[in-house]
Each structure stands twice: as structure tokens, then as C-alpha cells.
Amino acid sequence: MQKQKIKEKIDKSIEQTKEAVTKKRRDGSLGYLIVFLIMLAFIVGRAFYQRADNPQSAEAGAPVVELSFSGILDATENKQISTMEIQGNTATGTLSDGAKYKATIAYDPELLSKIAASGAAVKIDNSKSWTDHLGTWVPILMGILFIWWIFRGIRGAGAGGLGRISQYNPTKITTGKTKTTFADVAGIESEKKEVMEIVDFLKNPKKFQDLGARVPRGILLSGEPGTGKTLLARAIAGEANVPFFATSGSDFSGIIVGLGVAKIKEIFEMAKRNAPCILFIDEIDAIGQRRSQHSFNDQDREQTLNQLLIEMDGFQNDNGIIVIGATNRPDMLDTALLRPGRFDRQVYIELPDLAGRREILNLYAKKMKIAKAVNLQDIARGTTGFSGADLENLLNEAALHAAGANRKEIAKEDLEEARDKTLMGPRKNRKMRAEDIRLTAYHEAGHAFVSVHYRDLTDPIHKATIIPRGRSLGMVQHLPIDDKVSLTVAEVRAKLAILMAGRAAEEIFFGADKITTGAEGDIAAATRLTRYAITVAGLSRKIGLPAINQVMAFGMRAALENASEKTAEAVDAEVKSWMNAAHDDASKILSRGRRVVKRLADELLKRETLTREEIEEIVLGKKKVGSRR
Ligand code: ADP
Ligand code: ZN
């Protein structure tokens, strides 16, 4: 019964939204028509005005002689001009015989002084009548305005591009009861707890009001894309069994000025009709960007933001509407949005940690057929930095790969393949020259050997391969045991040596003149790590403790901040010294182990991929030398 009612309510509001949207659409094209008509009116009007203007100057009865420019020059020479009045490039006046003349002249000071010298009374009228100005400027202004309007539309339409200008994006509202619950959200337990209270409130607003408790009106969910912000918002609605309205901030920028305001009003109207409910605004940064960061034409957005604030300030807690905003750029938001009574509760959803990834994998693995031999913990370990969406995608890819291989269950290799594909791009079927393959094998063997050497200081190897993928010719992957938060200076040095080991191996086995660009990625990574250690983490005794922050511009490090030129030079020298030391270290280790490195390379050439166990067996022998992990 109750449910039926709610469904009717929702259906009604969907209808109303649709109606409003189509009505607006008509208004939209009407707007264009009006602009077009006004412009047309001005152009036509101006033409008439000019036509009426011309005979007007010929009043005064006396016949008017039309003189050419050379005619004027001749008349000047012969001192036949008695008066001349110049307006723009039209000269009118009387000749010495009393006849009126009219001529088009070039505005030339020299000519004017000549005429004046000939004894004529010259009067220059620079002022145009205001109607004249109107006639010239209004159409131009209208044109500019119109073009500006169109461009705004293009910018607003974003990826939709030109095609969307004409069709005017309606507020997309997804609505309805959702079956999603907290059980569908894995790995973010603490975030779930933080929003539990909201669920309680939506279920029983009365209880909270009786207590006089202030319940947040807005929650801001921030976090990387794919961390489950939408999912969590939906689950809140599902848990509380209230309708869920979803829209996106990017839908509020239209080409019609004032549209955003109207749309905000509209969705809040709808929310009020359906309260208690959740109103979810994805990409809220699209409307709520800090004002100082606005570019020139963002008055419209500011109005939209103001309207949002007005709506949020306007409704009382007993309305039972919870607005949930989502963003991956909370730092960009206007602080006005975060004030009490607005989005005063902030929940930051981190990328899942090891345990979180394990839970998310478990959740989706339950719905799939996965071979018993597969260890999900290993997959979780090898997916640092993956979001929930990435993990779901990984399992999907694996399933596709398994299907492609006609397997009944998803095997370990399917997951490996899926993971490598997500990490590095699809496998390359590049045909490599035999010597390139040989060089790659030694390069990777170098990385692997030094990794094993430093096994007590760094994450264990996962595997080494010479199968090219993405931009890399081969790789050695490491598996972080846990989510490491800091590194000791010795660990940094070890990591650097491992990174430099590829290039070092090329030198040792092929000679200094045969080294390749293949170490590009290693060198970039090593430079980054060294710079970080020296300028941010204060690990260098030479540079000392002061952080030398690098100014960011467009997401790239642009300049050294708070560093004198001298310091900057010292930093450069220290970076070089650390990297050289790492390179020397790697070279020494490899030279001592030449024979083993060669065996590793040979095995790689034979089998293309070596697992951690296989590598350790070759390097350490059967009797595995104990490692602390
Ligand atoms: P966001 O809104 O943060 O960009 P979404 O909520 O749209 O991310 O996540 C996309 C999809 O990824 C979800 O629909 C869900 O299938 C999956 N996902 C993301 N995070 C999780 C999680 N913590 N638990 C389960 N699934 C998740
Ligand atoms: Zn390398």
C-alpha cells in the first residue's frame, strides 16, 4: 500500500520533470529565434535609416554638385572653395560661385591645411549623432554577444561538443527505489559507519527531531573516481528504503543563462515532493568550484551555486532530504558549500588498502567461478592503487580471458593477464629483433638479481618477464607485502640500485656503446624517488632538512620554491650523486654475480616469464636462504 503510493509519487515527479524539460527545450529554441529576429531587425532598420539619410543632406533648395576627390583638389588649387564642412569622409560646403557641393574625400591633414590655406573656412565635425553610433555598434555588439553565447554553449557542452548546442541538455535525474544496500559496498567499513547515522535519521526522522538533534543536511563524499561514492550514496538510500535521485553537476551548465538556477529549483522541488529521500549530486565541483578560480564567463555558474546554497539553507531538517555531493576534487570546492547547514559532513573515501581490496575481490569473486588454486590475497597484494571499480573490472577482464581460452573456471593466469593489462595496457604483438630480446632479457635479469640481493630491504619480486607490454619491453614486478607508508634511507638506496640494475646489466654484458633507451622508465622513476628523498623527505645530509617544495603548475613541477639558486644547484648535484652511487652499487652486485645473472637471462629467454620462486631458485639455490618475509 505504502509502496504503491510512493511509486505513484515517483512516477508523477518523473512525468513532471519530463514535461518541464520539453517545455524548456521549446523555450530554448525560442530564445535563439528572438535573438535572430532582433539582429535581422537592426540590419534591415539600419539599411532604411541610411537610405533616408542621404536625400536629407540635399535639402536647402540649391542644386548640389557632386565633386570627385580630384575635383576637390582642382577646386582647391583654383581657390574656388569658400566653405567646407567635413563629417567623416564626406565634405559639403559652398563654392566661391555660391553653388553647393558634396564630395567624398580622404581624411588627409595635408590636404586640409592646403584647403584652409586657400582661404576656405573649414569646419570639421567629428561628432556623430547618437543614432549613427547605434546603427554601427548595436549590430556589432549583438553579433559579439551572439558568438560569445554560442561559445559558452560549446564550452558548457564539454565532451558533448557542438552536437549538443541545439538540443539543450536536460537535467538527468535517475530516480527510484534502489536495491543496493551496505552489503554491496565492501572494504570501506569506517566510511559506512560514518553515514550509518544518516540512514537512521531517514528511517525515523521523528526520533531525531524529538531529541532536538541537528542532523546534517548535506554529506560530501570525496575520493578518487571509482572508489564507490555513488555506490555508497545509493546504499544509504537502499538501507533507509527511501527514493534516490541522482544528477550530476556537469548537467547544470547550459548554454542558456539562468538555466542552472532553474534546474536546481526543479530538482529540489522534486526532492521536496518525495521526501524523505536522497538527492545525489555527482561531480559537484562542476557547480561548486571556488569563486576565485572562475574564468571570465562564469557568472552563470555562480548563480547556480548560489541557488544551491539558497535551497540548502531553505529547507528544514524535518523535510527529510539529505543532499549527498560527490567529488574527486574537494580542494576545488567553494568553502561556502562546506559551511554548517550545507555540506557540513565530509566523508573521504580512500583508495582501498590491502584488506579493503581483499574484501572487494571477495565480494565480486563470490559471483564468479574462480579456480581453487587462485589466491585472492596475492591478487589483492598486486593491486596497490586500484579502486573498487578497477578491481571489479579486473575480475571481469579475467572472466573474459578465461572464456576466450575456453576454460570453465577463472584461472590464476587469467587474473595475471587481466592485471597486467590494466596496469600496462594490452600485450604487444610486436616482433622484436633477436638481439633486442636478448638485451631485454639481460636488462630484466639485472633488475631481478639485484632485487633478490636486497630482498630484506624491499618488496619481494612477483615475477620477471620479457613479454613486451604498453611502452615497456619487459618488466620485473614487485609485490608489496603490506601498504607501506614510509621508507628508511637504506630502503630508498636499495630501491634505487634495483632501478639502475637494468642499465648496469646492459653495460656489463653488452658494453657501454650498446646501451639502449630501454632504461628510460627506470631512470625517470629513480630520478623521481631521489628528488623526493632529498627535497621533500630530508634524507640527504648534504641538503639537510628544509623541504624544498616544488611549485606545481598544470600538474607538473614547474620551479623550485624557497630554494636559492645555490640550493637548486646543490640539489641537482646531490641527485646525480645518489643515482651514480646506486648505479655503481648495482654494477658491483651484478659483476660479482655475473654467472648467475647470465643463467637468469638464459632462463628468461627460454621461458619468457619467471616467477618469484623460479628466480629465487636460480639465484639462491634450492636451499632458500632465509628472508625475513
Ligand atoms: P565513484 O562514484 O566514486 O566514481 P562508483 O560508486 O561509481 O564510484 O563505483 C563504480 C563501481 O565500482 C560501483 O558500481 C561498484 O560496482 C564498484 N565499486 C567501487 N567501490 C566499491 C566498493 N567499495 N565495494 C564494492 N564495489 C565497489
Ligand atoms: Zn628496466
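1. The shell around ligand 1 in this predicted model comprises 8 nonpolar, 5 polar and 4 charged residues. There are 17 residues around the ligand, and those that come nearest are Ala-186, Gly-226, Thr-230, Tyr-364 and Glu-392.

2. Polar atoms of the protein approach oxygen atoms of ligand 1 at several places. In the side chain of Thr-230, an N or O atom is 2.5 Å from an oxygen atom of the ligand. For Lys-229, a polar side-chain atom lies 2.8 Å from an oxygen atom of ligand 1. Leu-231 takes part through its backbone, where a polar atom is 2.9 Å from an oxygen atom of ligand 1.

3. How much of the accessible area of ligand 1 does the protein cover? On its own the ligand has 550 Å² of accessible area, and the protein covers 81% of that. Three elements give two or more residues to the shell: helix 7 (229-240), helix 11 (354-365) and helix 13 (388-404).

4. The second site for the reader to examine holds the zinc ion, ligand 2. Its coordination involves the NE2 atoms of His-443 and His-447, together with Asp-522, which is listed twice through OD atoms. The distances run from 1.9 to 2.7 Å.

5. Why is the arrangement around the zinc ion irregular? The 4 donor atoms subtend angles of 53 to 148 degrees, whereas a tetrahedral assignment for four donors requires that all angles lie between 85 and 135 degrees. The arrangement is therefore classed as irregular. As a point of reference, the ideal angle for four tetrahedral donors is 109.5 degrees.

6. Along the sequence, the donor residues of the zinc ion follow the spacing H-x3-H-x74-D. His-447 and Asp-522 link distant parts of the chain, being 75 residues apart. His-447 belongs to helix 15 (residues 434-453), and Asp-522 to helix 17 (residues 520-536).

7. Are His-447 and Asp-522 buried or exposed? His-447 has a relative accessible area of 7% and is therefore buried, given that buried means under 20%. Asp-522, with a relative accessible area of 15%, is buried as well.

8. These two residues also meet directly: a polar contact of 3.0 Å joins the side chains of His-447 and Asp-522. The pair thus deserves attention both for this contact and for its part in coordinating the zinc ion.

Note on methods: Residues are numbered from 1 along each chain as its sequence is written. Chains are lettered from A and ligands numbered from 1 in the order in which they are written. This is a predicted model: local features need pLDDT of at least 70, side-chain atom pairs count only at pLDDT 80 or more; totals for chains, interfaces and linings use all residues. Side-chain values use heavy atoms; hydrogens and water are left out. A residue is near a molecule or strand if one of its heavy atoms lies within 4 Å of it. A polar contact is a pair of N or O atoms within 3.5 Å; within protein, one must be able to donate a hydrogen and the other to accept it, and residues adjacent in sequence count only if both atoms are side-chain atoms. Accessible areas come from the Shrake-Rupley method with a 1.4 Å probe; for residues, only the protein chains shown count as cover. Helices (H or I, at least four residues) and strands (E, at least two) are DSSP runs, numbered from the N terminus. Ala, Val, Leu, Ile, Met, Phe, Trp, Tyr, Cys and Pro count as nonpolar, Asp, Glu, Lys and Arg as charged, and the others, Gly among them, as polar. Donors are N, O and S atoms within 2.8 Å of the metal (3.2 Å for Na, K and Ca); water is not among the atoms, so sites may look incomplete. Four donors count as tetrahedral if all angles lie between 85 and 135 degrees; four count as square planar and six as octahedral if opposite donors are over 155 degrees apart and all others between 65 and 115; anything else is irregular. Buried means under 20% relative accessible area, exposed over 50%, partly exposed in between (1.4 Å probe, protein chains only).
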